[in-house]
Every structure is written in structure tokens, then in C-alpha cells.
Amino acid sequence: MPRRRDPSAPRVVHRTARVGLRVTSGQRRRCFGLLRSAADVWACVLEVNAWRRRRHDGALVGYQELCRELAASGPGTFGELDSAGARSVLRRFSDAWFAAAKRRNDGDLSARSPRRRRGLMPVRWYHGTFTIDGRRVRIPTARGTAPLWVRLAREVPYPAQQVRSITLLCDGSRLFLEVTAEVPVTTYRPGEEPDPGRVAGVDLGIIHPYAVAGPDGDGLLVSGRAIRAEHRMHLADTKARRRAVAGRAPKPGQRGSRRWRQYRRRARRVEGRHRRRVRQAQHEAARTVVSWAARQRVGVLHVGDPRGVLDLPAGRRHNLRLRHWQIGRLIQVLTDKAVLAGITVRLVDERGTSSTCPACQKRVPKPRGRTLSCPHCAFSGHRDLVAAASIATRTPGGGTTTSAAPVLPQVVTHRRAGRHLPGAGRSRRDPRRPPHHRRRAGPVGPRRPAPPPGEESLAPRRGSTTPNRKPGKRQWTPH
């Protein structure tokens, strides 16, 4: 019988933080050995199920059945990997298999059971099997092996008594530890808590990851131009790097040289750094939205769900833009931070919100810029804020119907995400693009005072030209 939760106990949510590891060469070898052993467990499960399919037997997919097979294999089968870490891999396989089966039963014929082998597999350990001592963590290993203590790059952002699990993983040839903890929901003083009757709409986009329209005519625009510039510049750098090394790439079937392996290691490191930068910028944008909503005492966020556009083929370039958009991650990050702040997030249908006039409710042509102009009633407003205001009036699960007239923002707060990205400054332009005009060297200096009335100015007249002057040379005038 499931345990009932005490109503008087504070609400808690699960939060995950990724912390880098600072390890020696021996510790790095042992950590990668654990990841490879976890991949061996995954491969063994796939191989056993392949044998059973050839014998026309049922597949082993249940977690208890897989654990019994693991116990029958005996200790020491998978190197230094202990039974708790191996069972986490079995849990991952079982969940993936049943999730694919559910999708197939719902009519999604593209869903397939896990059959792909991997070189490295993340390993998870739950509370009671590991030890956290400041910046040092003891990772569990098999019985009879030496204890494995690793050092963290920074402090764990949660108290040790709130940590519930740790996950060892590799990203871009770097080792990380994902720490999952139970964090209590934010408490407010009386009169400052979020009001469930105050609803705000959130419109997701590429240029503006989050555009929010509040209930009192307040709006928030979070600019994501730095994130878009990071994607573009990373793609350009990757193409240039590939063109530079295309001549020394190994032929198909030929073993790569040490120089080629170093290049591949460097490419993985750069790719991982790019993903971490974008992920941090997305977290900053979501934190800005939740902080703004908490100050406005917004209790419910209606988020427009645009994931339906992912199924529409739009060409190679636009499909790449949609891939860089990462809609699901934006929704998940916003939901996690909103729940921690005591704010409810609901997904609504956002179809037509960016192409419908809020004044006359008529369809308008899609604008090329950020300003929506209605040819029927001469209404003009920011396209993303208009969409957010319309999203706030829609009912979850109610389609494109609205419950009231949208409240358009009158006071707009502008924020930027990704200030940590290289070259990002105060300019709204792409910080790594060359300036569109030549800047004069040195200060301009004070303005020359106007000549007295009746006297001629020493400044050259507009449109006048100097005769007998060659381009690039200054005209000499006697004093």
C-alpha cells in the first residue's frame, strides 16, 4: 500500500545539477571503466533477448526478471561495477522498452524497442550507496575493489541530506556527476505568495525564447539573439574545421592516426562546451521568467505548445533552426523552475495567436519583423507579446477557443539571455559580427561653437566639392 503524504509537510520537488569532476589519470581510467561496464550490461541484455527471439521465447524486459538474471551471472562479471549500478542500467532498459511499447499501442509505428549498443552508459546510484564529504564523493564499486573517491569542480548546490541520487556520465570526453536532490518548494510571506487567479501567457520563440504577457498590462521579453549567434558561429566553426582537416581524414576502413584522434577529441570537447553554454543560457532565460512572475504574483502560466511544427518538413535550413530551438527543453526547464517557485504551468494550443488581431479577431498576414499590423482595424503591436496575451486567455485542452479578451502589455521589461557567451555585450546585434560602418579612430572631441551672426562658418558646405583633389589625399591650404 503506498505511503500517504503528510498534508502539513512542506512540498518538495526533485532538482538535478551537473557538476564536473577533477580526477587523476588513475581515477579517470576507473570512472571510464565503470561507464564501459555499464555499457556491457546493456549489450548483454540485448544479446540475451536476441537469443530468446531466435528460440521464439518471450523477451526479458521486466525489471525483476532482469535483476534475477544479473544475480545468476555472479559477482565480478562486469569489472568494478557493483550490483546497484548494474541495476540502474537494467531499470533504464526496462523503462525504455515499456515506453516504446506504450507508444506502439497508441498508434505510433515509428517507436522501436531499444536495440542499439553503446560504448559508454551512464550509471546511477541511489541514496545510501554513496558518500558526499564537501567536494569529495565516494563512488560505489564492486566488493573487494579499492574505494573510489573523486573530487568535484565545485560544491554541490544542495545540502547532503537532500541528495537522493548521483549519476556518473561522460559529455564531450569530460566526466560529470549529476546530483538529484529533493528541494522544498519556495515559501512566501503572507500576501506575497503566487495567486492562482492571476494568469500570464508565455509564447515560445527563437529570437525571443520567452515572451510573457501578465494580467495587469505588464510584459516581459527575453532576447535570445546571443543564443542564436552561438548556434550560427558554432556551425560555421565546425564547417571550417572539417574543411581544414578533410585532406588528412582516414579512408573508409583505414585506422586513424594519433593526430586524427587528437582532432576528434578536440571536436568532442568543443561540441560539449557549446551544449553547456546553450544549456546555461536557457536556464538563465527560464529563471528570468519565473522571477518576474513571482514578483507579479502570477500563480498560473499558460505556455503555448508549438511542438506540432516539428512534424512539418520546411527545408534543410529551417529544419536546422527548429532543431536548435529545442522546444521541449525550454518547456521542461521553465516547468521545473516554476514548480519550485509554487507556480503552476499549463500547456495550451497556440495555433493562430501570432496571426490573429487581438482587437478585431481577424486573420492578418504574417509580418516579416516583430511588429504585427492589422490591415482591418489599423492595430499595431509586438508580435510575440500579442501572441502571449492571446495564449493567456486560452483554456488548456480547449483548442483555439478563448475565455476573455486579451490584455495587451503596456509596460514591457526587456532582458537578455546568454550574457556569459563569448563576445556577448550590451549590443542587441550579433556580438561577433563585424560592425556595419567604419568607426573613427580616436575621440570625436568637443563640438565647434556656432559662428557669430553675420560671419561665415569655417565648416565645409554640404554638397560642395574641392577642385583638383585626388581621392585619398588631403587638400593643402595656406595659413
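Me: In β4, what makes one face of side chains buried and the other not?

Reply: Val 137 and Ile 139 point to one face and are buried, while Arg 136 and Arg 138 point to the other and are not. Buried means under 20% relative accessible area, exposed means over 50%, and partly exposed is what lies in between, with a 1.4 Å probe and protein chains only. So the two hydrophobic-looking names in β4 pass the under 20% cut and the two Arg residues don't. In a regular strand, side chains alternate between the two faces of the sheet.

Me: And where do these numbers come from?

Reply: This is a predicted model, where local features need pLDDT of at least 70 and side-chain atom pairs count only at pLDDT 80 or more, while totals for chains, interfaces and linings use all residues. Numbering starts from 1 along each chain as its sequence is written, and side-chain values use heavy atoms, with hydrogens and water left out.

Me: What makes β4 a strand, and which neighbours does it pair with?

Reply: A strand is a DSSP run of E with at least two residues, a helix is a run of H or I with at least four, and both are numbered from the N terminus. Two strands pair if DSSP finds at least two bridges between them. β3 and β4 have 3 bridges, antiparallel, and β4 and β5 have 4, again antiparallel, so both clear the two-bridge bar. Thr 131 is bridged to Arg 138 in β4, and Val 137 to Val 150 in β5. In the β3–β4 hairpin, with 2 residues between the strands, Gly 134 takes a positive phi near 70 degrees.

Me: How do you know which strands are at the edge of the sheet?

Reply: The 7 strands form an open sheet in the order β2-β6-β7-β1-β5-β4-β3, with antiparallel pairing. β2 (123–126) and β3 (131–133) each pair on one side only, and that makes them the edge strands. Neighbouring strands are turned by 30 degrees against each other on average, direction ignored. Within the sheet, β1 and β5 (148–152) pair over 2 bridges, which means they just meet the minimum of two. Leu 21 has Leu 152 in β5 as its bridge partner.

Me: What makes α1 count as packing on that sheet?

Reply: Contact means heavy atoms within 4.5 Å. Helix α1 (25–54) touches β1, β2, β4 (136–139), β5, β6 (163–171) and β7, and its direction makes about 110 degrees with that of β5. α7 lies across β1 and β7, at about 120 degrees to β1. Axes here are lines fitted to C-alpha atoms, for helices over the stretch in contact, and angles run from 0 to 180 degrees between N-to-C directions.

Me: How do you know which face of β2 is covered?

Reply: Val 123 and Trp 125 make up the covered face, Arg 124 and Tyr 126 the uncovered one. On the pairing side, β2 joins β6 through 4 antiparallel bridges, and Arg 124 has Thr 167 as its bridge partner in β6.

Me: Why is Gly 191 called buried, exposed or partly exposed?

Reply: Gly 191 has 45% relative accessibility, so it counts as partly exposed. This residue lies in the loop between β7 and β8. Gly 191 and Arg 297 are 106 residues apart in sequence, yet 9.2 Å apart C-alpha to C-alpha. Of the 479 residues in the chain, 37% count as buried.

Me: What makes the largest void a pocket, and what lines it?

Reply: On a 1 Å grid over the protein atoms alone, a cavity is a set of points where a 1.4 Å probe fits but cannot get out, while a pocket is an open set with protein on both sides within 12 Å along at least five of seven lines; lining residues have an atom within 4 Å of a point. The largest pocket is lined by 46 residues, with Ile 206, His 318, Arg 321, Leu 322 and Trp 325 nearest its centre. α6 supplies the largest share of that lining, 8 residues.
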